[in-house]
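Please open the model in your viewer and keep the sequence panel beside it. The stops below are meant to be taken in order, each beginning with something to select.

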Amino acid sequence: MGRVTERRRTLRIRDGAASSRADTLVAEEPLEIRLNGKPLAITMRTPGDDFALAAGFLVSEGVIAGGDEVRSIVYCAGATADGVNTYNVVDVQLAPGVVVPDITLERNVYTTSSCGLCGKASLDAVRTSTRHPVGEAPPVRLTPALLAALPDRLRAAQKVFDRTGGLHAAALFSEAGELLDVREDVGRHNAVDKLVGRALTDGRLPLSRAVLLVSGRASFELAQKAVMAGIPVLAAVSAPSSLAVDLAAESGLTLVGFLRGGSMNVYAGEHRIALEAEAGRD
């Protein structure tokens, strides 16, 4: 299996002085995901948690919604022409009787950090395919102070970022602000899939009382992944996209952007935000 980090020689220049040294870089390798033996998608990822990544991807695509729908996830032996297992191909075998939707089987996707469908058709597809509607999730109330504390907690848990400076992170928090899980990856969408896939294998879906925090922007794809996993709150330290806001508004997702220090913008689902004055009257 590939390493999470690799060393490369670099020329370092500081204040006009040059020196040669080794630098630690985040590893990036392709992962092919097969479904019932058939190629489905390829994503560039940081090796590690590959089975969780594959499972989370299938949740995001609406193929599965619970751990009992997966029979097995394995690396493919002899993945190359010479029979070598590269640990870059995984096959997900669905449980007997699980119906595979038509949405992905023939598309052979190459996914990137900006992938995702576009427009109203995408919004309709997510709204109709999720089996964990966030609008029907148990009530969750979060104060701005609690949300403001989450980015520092996420940053403190980013172990590989400290060594490379080149990884995105995603974390799940409880409604009380407790860190439940954190994953790092070269792609922010992969980090979220790893969180969701781990929750699926642990029998914790839907994540109806969790907060998802991502280290970058909130794209449509990340909002989609939150909705498909039943996560009611998505927060990002950077900006959301317009389509992410549209999806949040239509699905009932609470979407928070520019979460930095004590500041934040709530773009949708403000009914889950308990303002300090209001909280003091309870």
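What follows is a tour of a predicted model, taken stop by stop.

**Threonine 46 and its surroundings**

Begin by selecting threonine 46, which sits in the loop that runs between strand 4 (38-45) and helix 1 (50-60). With a relative accessible area of 2%, this residue is buried. Show the side chain as sticks and look for its polar atom, which lies 2.9 Å from the backbone nitrogen of valine 186. If you then display the contacts of threonine 46, leaving out neighbours within four places in sequence, you should find Val4, Val26, Ala27, Leu167, Asp185, Val186 and Lys194.

**A salt bridge among those contacts**

Two of the residues just listed, Asp185 and Lys194, deserve a selection of their own. The side chains of lysine 194 and aspartate 185 meet in a salt bridge, with 2.7 Å from N to O. Lysine 194 counts as buried at 2% relative accessibility, and aspartate 185 is likewise buried, its relative accessible area being 0%.

**Helix 1**

Return to the loop of threonine 46 and follow the chain into helix 1 (50-60). How many of the 11 residues of helix 1 are buried? The count is 10 of the 11, so the helix is largely enclosed by the rest of the structure. Colouring the buried positions will pick out Asp50, Ala52, Leu53, Ala54, Ala55, Gly56, Phe57, Leu58, Val59 and Ser60. Just after the helix, select glycine 62, whose phi is positive, at about 80°.

**Leucine 94 in strand 6**

Next select leucine 94, which belongs to strand 6 (residues 89-94) and counts as buried at 6% relative accessibility. A C-alpha to C-alpha distance drawn from leucine 94 to arginine 71 should read 5.1 Å, although the two are 23 residues apart in sequence. Setting aside neighbours within four places in sequence, the contacts of leucine 94 are Leu35, Asn36, Val63, Ile64, Glu69, Val70, Arg71 and Val100.

**The nonpolar cores**

Which residues touch the most other members of the largest nonpolar core? Select Leu212 and Leu234, which hold that place within a core of 53 residues. Beyond the four nearest places in sequence on either side, leucine 234 touches Leu212, Val214, Ala218, Leu222, Ala223, Ala226, Leu253, Thr254, Leu255 and Val256. Apart from this largest core lies another, of 17 residues, which includes Phe173, Leu213, Val233 and Ile273.

**Further salt bridges**

The whole structure contains 12 salt bridges, and a few of the others can be visited in turn. Select arginine 209 and glutamate 175, whose side chains meet at 2.5 Å, N to O. Arginine 209 is in the loop between helix 5 (188-201) and strand 10 (210-214), while glutamate 175 is in the loop between strand 8 (168-174) and strand 9 (179-185), so this pair ties together parts that are 34 residues apart in sequence. Arginine 209 is partly exposed, with a relative accessible area of 37%, and glutamate 175 is also partly exposed, at 26%.

Move on to aspartate 193 and lysine 225, whose side chains form a salt bridge of 2.9 Å, N to O. This pair links distant parts of the chain, since aspartate 193 is in helix 5 and lysine 225 in helix 6 (residues 220-228), 32 residues apart. Are these two partners buried or exposed? Both aspartate 193 and lysine 225 are buried. For the last stop, select Asp49, Asp181, Arg183 and Arg198, which are joined into one network by salt bridges that share partners.

Note on methods
Residues are numbered from 1 along each chain as its sequence is written. This is a predicted model: local features need pLDDT of at least 70, side-chain atom pairs count only at pLDDT 80 or more; totals for chains, interfaces and linings use all residues. Side-chain values use heavy atoms; hydrogens and water are left out. Helices (H or I, at least four residues) and strands (E, at least two) are DSSP runs, numbered from the N terminus. Buried means under 20% relative accessible area, exposed over 50%, partly exposed in between (1.4 Å probe, protein chains only). Contact means heavy atoms within 4.5 Å. A nonpolar core is a set of buried Ala, Val, Leu, Ile, Met, Phe, Trp, Tyr and Cys residues joined through side-chain atoms within 4.5 Å. A polar contact is a pair of N or O atoms within 3.5 Å; within protein, one must be able to donate a hydrogen and the other to accept it, and residues adjacent in sequence count only if both atoms are side-chain atoms. A salt bridge is a side-chain nitrogen of Lys or Arg within 4 Å of a carboxyl oxygen of Asp or Glu.
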